[in-house]
Amino acid sequence: MTVTAEHSTHDLRRRLTGHLVAEGVLRSPGWIRAFSTVPRERFVPAFTLRTADGVRGVREGDTAYLDTVYSDASLITQRDTSGTATSSSSQPRVMATMLEALPDDDSTSVLEIGTGTGYNAALLCERYGSPNVTSVDIDPDLTAAARQRLHAAGYAPTLITGDGTAAHASDGPYNAVIATCGLPRIPQDWLAQVVPGGTIVANLGYGLTVLHTDEHDTVQGHFLPEMAAFMTARGSSSHTNGGHQGDMAALMRATGSITTVHLQCDVTAPMSRFLGGMLHPDTVDFTLTGEDGHVVHIVQHPASGAWARMTMHDTEGARIDYDGPGGRNLWGERLPLMTAWAEAGRPGPERYGLTVSGDGGHTLWLDGPGGRSWELPA
Ligand SMILES: C[S@@+](CC[C@H](N)C(=O)[O-])C[C@H]1O[C@@H](n2cnc3c(N)ncnc32)[C@H](O)[C@@H]1O
């Protein structure tokens, strides 16, 4: 659909909201109303987006502008000098998935980590009321711009410039924390910022986790079925979610050791990324389709240049090419994770959960805290 004069932004909002409802992502009346009400275009006057033909810039006034704003797309709004995206208005589908995991109670007080454009903060204000919303971003230019846009749209949350992974002087503790930047671990400082019984919704690696705090400084909960990777929190060690270093074409051609494996699972499956992103957060995963049509899953350790390339062949099993400068065998690390996953019947993320203990230990488990478990690296 292209936007013509008769398509008001109201109609476009209804179209996007209807799409998210039809997909089963938006379910509760409170969030449906928020998505139907908040004007996303007020928060994204200019952005770039990835298309099949490369990166395209779009700004207010362009023919495709409103149509794109109200598509289910992540809109990149800031890049650093190297071109790496550093802020965006996230994909509405992922935003809705995370927001729906927050308490369905009008008086919820919530801390958002990663103000960015301010659009998600506006949705929170629409749902819980501005006095209940605090949002923090590490970049002063972003909080300044978001403050202006939020006020112009009629919202007045508390905005803070600072590192959201650290505690800050605030109006907390909050009923909930929602992080819209990716993290390798749940920051210890958040525990004091959430009331006992409160909710933490965050992106760890490629998982979206919904955790609840208890009186003993333990945080525990499940992963949602959907996978997503936000841009990683600035200042956090490791994990460059979804990013990769160097020339992808070279990695597709690179030669190293070769092995063939016959596992009862697809080693290129998205769950490889989910488990690897959590347990080996200093590696990055990406999936490509080779010239011969085969799906190729590559794991890379940017710090050493180690890599593993996994290609599924229906009849011959999986071919693994790998090389480990610095002694890192990425395939050897991934194999036990994929084997355990296959043995468990190839579960989705929702069968995994996480316990964060008072001393900061992170335990990933399968089918309950007493089930099979793995310690996340410190
Ligand atoms: C995907 S964007 C957030 C999108 C935003 N919620 C919106 O609706 O536009 C991620 C944001 O996290 C911010 N960020 C990154 N590291 C941070 C940190 N350590 N503390 C607070 N914010 C951080 C970035 O500056 C960026 O604006």
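**Exercise 1. Divide the residues of the shell around the ligand into nonpolar, polar and charged.**

Step 1. The classes are fixed beforehand: Ala, Val, Leu, Ile, Met, Phe, Trp, Tyr, Cys and Pro count as nonpolar, Asp, Glu, Lys and Arg as charged, and the others, Gly among them, as polar.

Step 2. The shell then holds eight nonpolar, 14 polar and four charged residues. A residue belongs to the surroundings if one of its heavy atoms lies within 4 Å of the ligand. By this rule 26 residues surround the ligand, and the closest are Ser-87, Thr-117, Asp-137, Gly-164 and Arg-234.

The model is predicted: local features need pLDDT of at least 70, side-chain atom pairs count only at pLDDT 80 or more, and totals for chains, interfaces and linings use all residues. Residues are numbered from 1 along each chain as its sequence is written, and side-chain values use heavy atoms, with hydrogens and water left out.

**Exercise 2. Find polar contacts of the ligand, its covered area and the elements around the ligand.**

Step 1. A polar contact is a pair of N or O atoms within 3.5 Å; within protein, one must be able to donate a hydrogen and the other to accept it, and residues adjacent in sequence count only if both atoms are side-chain atoms.

Step 2. Two side chains reach ligand nitrogen: an N or O atom of Glu-112 at 3.0 Å, and a polar atom of Thr-180 at 3.1 Å. From the backbone, a polar atom of Asn-120 is 3.0 Å from a ligand oxygen.

Step 3. On its own the ligand has 600 Å² of accessible area, of which the protein covers 99% (Shrake-Rupley method, 1.4 Å probe; for residues, only the protein chains shown count as cover).

Step 4. Strand S4 (85-89), strand S5 (110-113), helix H5 (119-128) and strand S6 (133-137) each give two or more residues to the shell. The most come from S4, with four residues. Helices (H or I, at least four residues) and strands (E, at least two) are DSSP runs, numbered from the N terminus.

**Exercise 3. Describe the surroundings of Thr-108. Is Thr-108 buried or exposed?**

Step 1. Thr-108 sits in the loop between helix H4 (92-99) and S5.

Step 2. Its relative accessible area is 2%, so Thr-108 is buried (buried means under 20%, exposed over 50%, partly exposed in between; 1.4 Å probe, protein chains only).

Step 3. Leaving out residues up to four places away in sequence, Thr-108 touches Pro-103, Tyr-128, Asn-132, Asn-175 and Ala-176 (contact means heavy atoms within 4.5 Å).

Step 4. The Thr-108 side chain reaches the backbone oxygen of Asp-105 at 2.7 Å. Val-133 is 25 residues from Thr-108 in sequence, with 8.7 Å from C-alpha to C-alpha.

**Exercise 4. Which residues of helix H2 (residues 29-37) are buried, and why do they lie on the same side of H2?**

Step 1. Gly-30, Trp-31, Ala-34 and Phe-35 are the buried residues of H2.

Step 2. They share a side of H2 because they cover an arc of only 125° around the axis, taken from the directions from the helix axis to the C-beta atoms.

Step 3. An α-helix has 3.6 residues a turn, so residues three or four places apart point the same way.

Step 4. The buried residues of H2 pack against helix H1 (9-22), H4 and H5.

**Exercise 5. Where is Arg-346, and what is its phi?**

Step 1. Arg-346 lies in the loop between helix H9 (330-343) and strand S17 (352-356).

Step 2. Its phi is near 55°, a positive value in a residue other than glycine.
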